[in-house]
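Q: I have a model open in front of me and would like to learn how to read it. Could you walk me through it?

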Amino acid sequence: MGSPTLTPATARRTGVVTGLGVVAPTGTSTADHWDAVLAGRSGIREITRFDASVYPVRHAGTIPEFESRTRVPDRLVPQTDRWTHFGLAAAEEALADADVDPAGLPEYEMAVVTASSSGGVEFGQREMESLYQHGPSWVSVYQSIAWFYAATTGQISIRHGMRGTCGVLCGEQAGGLDAIGQGRRLLRQGTRLVVTGGTDASLGPYGLVSQLRSGCVSTVDDPETAYLPFDRLPHGHLPGEGGAMVVVETEESASARGAGRGYGTVLGYAAGFDQSTTTGRPPVLARVIRQALDDARLDPSDVDVVFADAAGEHRRDRVESAALAEVLGPGAVPVTAPKTLTGRLLAGGAALDVATALLSLRDQVIPPTHGPIRLSPDHEIDLVQDEPREVPLRHALVVARGYAGFTGALVLGRGDRTR
Amino acid sequence: MSRFDLDELRQIMRASAGVDEGVDLAGDIGDLEFGDLGYDSLAVLELVSQVQRTHGIVIPDEAVEEMPTPNRAVEYINRLAMEGKAS
């Protein structure tokens with residue numbers, strides 16, 4: 001591939017999402033996930049992958065029904081972490097959904113960009129246990145390729161022969177948006193098709209303890225009330241595992257394959273980083289949302305639904321609702337947080353929100369935020385609760401923030417796919 | 001150690017590195033190259049380290065080069081085990 005030529009047309013080139021793949025606490029396929037989201041079926045369960053009874057958090061968004069043996073090539077099961085298993089399964093579903101046969105396309109014009117926050121943390125813990133209990137020769141050689149953040153990207157790339165510019169983004173809960181933003185950048189530089197998104201699986205003992213250290217995880221022992229974003233008395237969030245992958249291609253590539261405008265288009269993206277609250281500098285979220293809208297060449301009035309970050313901690317919820325009110329107008333646009341059904345999925349969270357937002361645009365319905373949330377008067381937002389809301393939807397805004405300051409916003413436009 | 005054989009190697013291959021689609025490990029694989037069976041150099045390293053653990057022998061990493069096929073691996077491991085007994 002030669003050096004990219006940035007003509008005005010390619011510099012503005014947008015990405016069409018032609019395929020979705022989901023592995024989440026709400027379902028191990030896109031269809032199952034969307035059914036659960038509309039029906040309000042929660043994927044928050046007791047943690048059963050290990051004995052969590054002595055930990056301060058015993059519930060999480062888990063995927064006990066996911067079977068690596070049936071969803072991942074046999075050779076890759078012992079070589080890769082659970083988070084990579086999720087990524088491989090979601091990528092395969094997304095490619096099949098897009099009706100793409102990578103073998104029939106130029107391998108250097110296809111790329112893989114995923115987000116990861118924890119890497120192969122469960123695999124790593126198992127090998128460390130072997131090291132300390134038995135000695136160095138007991139550590140699997142696959143530790144060398146299983147733990148690191150780029151492992152999922154690499155395995156998807158190898159499996160599907162996608163050898164363009166690949167990469168991994170580590171931005172905690174915002175990483176999924178960053179990956180899709182990077183995917184769109186590649187489309188402007190000569191890549192025709194990108195598998196992008198994010199997954200994480202950090203619900204082993206070490207992974208859970210790592211998350212507890214943030215101080216943001218809810219220790220309320222009732223799965224129904226532990227995670228109540230925008231509530232008068234929020235307690236933090238519950239963690240979860242899983243995520244989503246999407247196939248994004250240039251408009252030329254999508255239309256040449258008869259995929260039309262797919263589920264929708266990635267119209268705008270922006271990212272920023274918050275300074276520590278001790279610096280007194282204001283949060284960047286409002287600015288990032290404005291930049292994403294500018295990038296999409298849209299006005300605030302063009303946004304019909306917001307998929308919120310929904311931190312579940314009062315100060316951070318307040319920052320989000322204030323930014324939305326500032327840019328879009330107080331209570332002007334419906335806001336929802338389906339992640340109340342899954343917990344916060346680290347790198348998988350924003351990727352799953354993007355998939356859910358695209359399904360929302362496809363079916364012209366906003367899924368509700370789950371749980372007995374008593375909306376705090378501090379939040380001037382129109383929070384969609386209890387029932388799905390059917391309204392005309394042209395554009396969706398997805399907001400994501402990661403621990404320590406990662407901030408992202410992505411604007412999606414409606415496609416023409418009907419199912 | 002008891003004599004190491006192809007069946008034991010098959011078991012280790014299955015457990016430690018999995019099996020590629022379209023490969024029949026139970027078949028006549030002894031003289032096929034590991035690469036053709038879907039096992040890359042990392043996979044062979046993993047097989048070797050499993051043998052070291054279960055049989056308590058030390059196999060140098062370079063030895064992988066002398067094990068292009070399952071039969072050659074079995075031969076090498078048995079020879080090494082015999083030498084270990086002799087010394």
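**Reading an interface and a helix pair**

A: Gladly! Keep in mind that this model is predicted. Let's begin where the chains meet: across the interface of chain B and chain A, the rule finds zero salt bridges.

Q: How many residue pairs are in polar contact between chain B and chain A?

A: There are seven such pairs, with both residues at pLDDT 80 or more.

Q: Which parts of chain B supply the side that touches chain A?

A: Look at α1 (6-17) and α2 (41-55) of chain B, which each supply at least two residues of that side. The largest share, six residues, comes from α2(B). By type, the side of chain B that touches chain A has seven nonpolar, four polar and four charged residues.

Q: What is the area buried between chain B and chain A?

A: About 1,200 Å², with carbon and sulfur atoms giving 53% of it. Of the area that chain B buries against chain A, B:Leu42, B:Glu46 and B:Arg53 supply 45%, more than any other three residues.

Q: And how should I read two packed helices?

A: Such a pair is described by the angle between the axes and the distance between them. Try helix α2 (residues 30-39) and helix α13 (residues 347-363), both of chain A: their axes come within 11 Å and cross at roughly 75°. Therefore α2(A) and α13(A) are roughly perpendicular to each other.

Q: Which residues of α2(A) make the contact?

A: A:Thr30, A:His33, A:Trp34 and A:Val37 do, meeting residues of α13(A) that include A:Leu352 and A:Leu359. The residues of this contact divide into four nonpolar, four polar and two charged.

Note on methods: Residues are numbered from 1 along each chain as its sequence is written. Chains are lettered from A and ligands numbered from 1 in the order in which they are written. This is a predicted model: local features need pLDDT of at least 70, side-chain atom pairs count only at pLDDT 80 or more; totals for chains, interfaces and linings use all residues. Side-chain values use heavy atoms; hydrogens and water are left out. Buried area is the accessible area (1.4 Å probe) that two parts lose on being put together, summed over both. A salt bridge is a side-chain nitrogen of Lys or Arg within 4 Å of a carboxyl oxygen of Asp or Glu. A polar contact is a pair of N or O atoms within 3.5 Å; within protein, one must be able to donate a hydrogen and the other to accept it, and residues adjacent in sequence count only if both atoms are side-chain atoms. Helices (H or I, at least four residues) and strands (E, at least two) are DSSP runs, numbered from the N terminus. Ala, Val, Leu, Ile, Met, Phe, Trp, Tyr, Cys and Pro count as nonpolar, Asp, Glu, Lys and Arg as charged, and the others, Gly among them, as polar. Axes are lines fitted to C-alpha atoms, for helices over the stretch in contact, and angles run from 0 to 180 degrees between N-to-C directions. Angles under 35 degrees count as roughly parallel, over 145 as roughly antiparallel, 65 to 115 as roughly perpendicular and the rest as oblique. Contact means heavy atoms within 4.5 Å.
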